Amino acid sequence: MARSGRRKRKQQAQAEPESMDKRQRADQDSADPSAASQKHHIPKHLQKYWRQRHNYFWKFDEGIQIDEEGWYSVTPEIVAEDTAARIAQLHNDKSAQIQDDMGFGRICVVDAFCGVGGNTIKFATWCEHVIAIDIDRDRLEMARHNARIYGVEDRIEFIHGDFYQLAPGLAADVVFLSPPWGGPEYIGSEVFDLDSLPVHTAREWLDRARMVSENIACFMPRNCDPRQLADLYPEAPCDVELNYTNGRLKAITAYYGDLALFGSSEPRELAPLDNP
Ligand code: MGP
Ligand code: SAH
């Protein structure tokens with residue numbers, strides 16, 4: 001089982017010091033009266049997410065839009081970056097021509113549950129084309145708006161609809177699945193049963209994804225059983241990655257098919273970003 005940390009794209013390395021400074025400055029609410037007054041309007045049960053807002057989007061202060069389900073579901077940026085960087089390596093060893101010398105993957109990724117765009121934005125940063133789907137039109141529009149803030153909107157095709165219905169008509173190199181887990185209460189069970197996802201089981205979602213591609217990544221609760229994750233697609237190789245930010249386990253990502261073959265099993269540097 002691998003432990004994810006962070007990867008850097010060569011072309012991002014130059015911009016990083018300024019970005020990190022901005023991120024660290026923005027996390028200090030006490031020195032930012034406008035952030036403190038906005039926090040006042042955030043319902044109490046969402047305030048723990050508000051405190052992590054710059055972990056979700058380091059450009060949060062540039063006008064990021066997010067709703068209640070977005071707050072508790074968005075993938076932390078550092079985790080989304082790591083997943084996108086890994087997925088962008090697909091076919092890297094098969095044909096140098098589909099990944100340029102900046103590490104840009106010439107692949108198409110379906111983000112089947114795009115939410116407010118946490119993963120979609122990073123896929124569009126690392127890959128040539130993203131098909132971003134969500135059943136909630138308002139949240140899909142928030143994702144479009146947020147992608148514009150990151151300057152990656154033009155590489156994303158936004159589709160409003162039900163991934164379950166749409167899957168048979170899609171073609172792509174990779175499918176990323178981050179479905180609803182039933183709200184923040186998911187952590188209440190000692191072991192989260194992947195058959196207990198709302199509407200469809202994890203296997204049913206995965207079977208739909210297999211209609212699009214055998215290369216699938218599945219973002220699941222940190223309290224699920226990795227063996228149950230591996231069993232969702234027994235015919236394919238599977239690599240299970242633990243997703244940490246600042247030493248805290250946030251989620252688990254299972255990679256299937258060719259995506260399972262090139263993950264690092266070495267612990268990598270952890271992101272110094274949490275703001276508990
Ligand atoms: P969390 O445990 O609810 O929050 O979710 P937090 O504040 O990180 O927990 P803490 O107790 O460690 O402080 C952890 C992460 O899981 C979130 O940042 C989301 O990325 C992801 N996540 C949570 N939920 C409820 C969902 C969900 O329903 N769907 C998806 N796709 N991701 C979720
Ligand atoms: N990875 C996202 C969060 C996903 S939350 C991020 O980082 O922002 C799960 C999303 O799945 C929600 O926005 C919800 O509206 C959407 N969803 C639920 N059922 C769906 C379906 N059948 N097809 C597509 N999207 C669906």
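This report describes the surroundings of two ligands in a predicted model, followed by one strand–helix–strand unit.

Because the model is predicted, local features need pLDDT of at least 70 and side-chain atom pairs count only at pLDDT 80 or more, whereas totals for chains, interfaces and linings use all residues. Residues are numbered from 1 along each chain as its sequence is written, chains are lettered from A and ligands numbered from 1 in the order in which they are written, and side-chain values use heavy atoms, with hydrogens and water left out.

**Ligand 1.** A shell of 20 residues surrounds ligand 1, and Gln-52, Val-74, Trp-181, Tyr-186 and Lys-250 come nearest; a residue is counted here if one of its heavy atoms lies within 4 Å of the molecule. By class the shell holds 11 nonpolar, five polar and four charged residues, where Ala, Val, Leu, Ile, Met, Phe, Trp, Tyr, Cys and Pro count as nonpolar, Asp, Glu, Lys and Arg as charged, and the others, Gly among them, as polar.

The table lists polar contacts of both ligands, each being a pair of N or O atoms within 3.5 Å.

| Residue and its atom | Ligand atom | Distance |
|---|---|---|
| Lys-48, side-chain N or O | ligand 1, oxygen | 3.3 Å |
| Ser-73, backbone N or O | ligand 1, nitrogen | 3.3 Å |
| Lys-250, side-chain N or O | ligand 1, oxygen | 2.5 Å |
| Asp-134, polar side-chain atom | ligand 2, oxygen | 2.6 Å |
| Asp-162, side-chain N or O | ligand 2, nitrogen | 2.8 Å |
| Ser-178, polar side-chain atom | ligand 2, nitrogen | 2.9 Å |

Taken alone, ligand 1 exposes 650 Å², of which the protein buries 92%, with accessible areas taken from the Shrake-Rupley method with a 1.4 Å probe. Two or more residues of its shell come from each of α3 (47–50), α5 (68–73) and β8 (248–256); helices (H or I, at least four residues) and strands (E, at least two) are DSSP runs, numbered from the N terminus.

**Ligand 2.** On its own ligand 2 has 590 Å² of accessible area, and the protein covers 93% of it. The elements giving two or more residues to its shell are α5 and α7 (118–126). Of the 22 residues around ligand 2, Asn-119, Asp-134, Arg-139, Asp-162 and Phe-163 come nearest, and the shell comprises nine nonpolar, eight polar and five charged residues.

**The β3–α8–β4 unit.** Strands β3 (residues 127–134) and β4 (residues 156–160) run parallel and are joined by five bridges, pairing being accepted if DSSP finds at least two bridges. Within this pair, Ala-132 stands opposite Phe-158 in β4. Together with helix α8 (residues 137–149), β3 and β4 make a right-handed β-α-β unit, meaning that, with the strands pointing away from the viewer, the path from the first strand over the helix to the second runs clockwise.

Technical notes:
Polar contact = N/O pair within 3.5 Å; in protein donor to acceptor, adjacent residues only side chain to side chain.
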